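This report describes the architecture, packing and surface of a single protein chain. The sequence and the structure are shown first, and the description follows.

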Amino acid sequence: MTVHDDLDLAQRALQNLERAVRGLRLHFGESLDMRRVHDDVQRLGTSLAILRLQAPKPPVAPQPRLEVIPDGDYDRNLFTDAEDTEGLGAPDRRAP
C-alpha cells in the first residue's frame, strides 16, 4: 500500500470513530469522560491532516502525446490497390 492508501484508510477509520462517538454521546451525554473522548477524536483528525500535508505528492501519470492529423488531402499512393484486397469496393464483389 502507498502512503496515500494508508492515509485514506486512516481517514475512513476516523470517520467511523466519529460516528461511533456521536452515538455514545447520546447514551452518556456531556460527561467529562465523553468530552475527553470527543477531544481525543478531534486531535486525531488534526494529526491526520498534518500527516497528509507532510506526505509526498502522489506521482502524476504522464499525459499521452496527442497525434496531430493534418486536414489536407492524403497522398493517393497510400490507397493504391486497397480496394483489391479489402472492403466492399473489390471489383469481384457485387452487392446482392
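## Overall organisation

Residues 24 or more positions apart account for 54% of the contacts in the chain with a separation of 6 or more. The model is a predicted one. The chain contains 3 helices and 0 strands, and its elements run α-α-α from the N terminus on. Of its 96 residues, 8% count as buried. The accessible surface of the chain amounts to about 8900 Å², and carbon and sulfur atoms hold 58% of that area.

## Helix α2 and the nonpolar core

Does the length of α2 agree or disagree with its number of residues? At 1.5 Å a residue, the 23 residues of α2 should span 33 Å, and the end C-alpha atoms are indeed 33 Å apart, so the two values agree.

Within α2, the buried residues are Met34, Val41 and Leu48. The cover over these buried residues includes α1. The largest nonpolar core of the model comprises 7 residues: Leu7, Leu14, Val21, Met34, Val41, Leu48 and Ala55. Both α1 and α2 contribute to this core, each with at least two residues. As a general tendency, nonpolar side chains in soluble globular proteins are buried together.

## Contacts between α1 and α2

Several residues illustrate the pairing in detail. When residues up to four places away in sequence are not counted, Leu48 touches Leu7, Ala10, Gln11 and Leu14. Two of these partners, Leu7 and Leu14, are members of the largest nonpolar core, as is Leu48.

Gln11 belongs to helix α1, which covers residues 3–28. Is Gln11 buried, partly exposed or exposed? Gln11 counts as partly exposed because its relative accessibility is 26%, a value between the limits of 20% and 50%. Leaving aside neighbours within four places in sequence, Gln11 is in contact with Leu48 and Arg52. Gln11 and Arg52 are 41 residues apart along the chain, and their C-alpha atoms are separated by 9.9 Å.

Leu44 is a residue of helix α2. With residues up to four places away in sequence not counted, Leu44 touches Leu14 and Leu17. The C-alpha atoms of Leu44 and Leu14 are separated by 7.7 Å, although the two residues stand 30 apart along the chain. Why does Leu44 count as partly exposed? The reason is its relative accessibility of 47%, since buried requires under 20% and exposed requires over 50%.

## Salt bridges

The count of salt bridges comes to 5. Three of them are listed here, with the separation of nitrogen and oxygen atoms.

| Salt bridge | N to O distance |
|---|---|
| Arg25 and Glu30 | 3.1 Å |
| Asp33 and Arg36 | 3.3 Å |
| Asp40 and Arg43 | 2.4 Å |

Asp33 and Arg36 both lie in helix α2, 3 residues apart, which corresponds to about one turn of the helix. The pair of Asp40 and Arg43 is likewise placed in α2, with a spacing of 3 residues, or about one turn.

The accessibility of these charged residues can be set beside their pairing. Arg25 is partly exposed, its relative accessible area being 27%, and its partner Glu30 is partly exposed at 49% relative accessibility. Asp33 has a relative accessible area of 52% and is therefore exposed, as the limit for that class is over 50%. Its partner Arg36, at 47% relative accessibility, counts as partly exposed. Asp40 also counts as partly exposed, at 37% relative accessibility.

## A nonpolar surface patch

Which residues make a nonpolar patch on the surface? Ile69, Tyr74, Leu78 and Phe79 form such a patch, with an area of about 470 Å². Leu78 is located in the loop between α2 (32–54) and α3 (82–85). Leu78 counts as exposed because its relative accessibility is 58%, and the class begins over 50%.

## Summary

In this predicted model, α1 and α2 each supply at least two residues of the largest nonpolar core. Contacts such as those of Leu48 with Leu7 and Leu14, and of Leu44 with Leu14 and Leu17, give the pairing at the level of residues. Outside the core, the model shows 5 salt bridges and a nonpolar surface patch that includes Leu78.

Methods
Residues are numbered from 1 along each chain as its sequence is written. This is a predicted model: local features need pLDDT of at least 70, side-chain atom pairs count only at pLDDT 80 or more; totals for chains, interfaces and linings use all residues. Side-chain values use heavy atoms; hydrogens and water are left out. Patches are made of residues with over 30% relative accessible area and no salt bridge: like charges are joined within 9 Å, nonpolar side chains (Val, Leu, Ile, Met, Phe, Trp, Tyr) within 5 Å. Accessible areas come from the Shrake-Rupley method with a 1.4 Å probe; for residues, only the protein chains shown count as cover. A salt bridge is a side-chain nitrogen of Lys or Arg within 4 Å of a carboxyl oxygen of Asp or Glu. Helices (H or I, at least four residues) and strands (E, at least two) are DSSP runs, numbered from the N terminus. Buried means under 20% relative accessible area, exposed over 50%, partly exposed in between (1.4 Å probe, protein chains only). Contact means heavy atoms within 4.5 Å. A nonpolar core is a set of buried Ala, Val, Leu, Ile, Met, Phe, Trp, Tyr and Cys residues joined through side-chain atoms within 4.5 Å. The expected span of a helix is 1.5 Å times one less than its number of residues.
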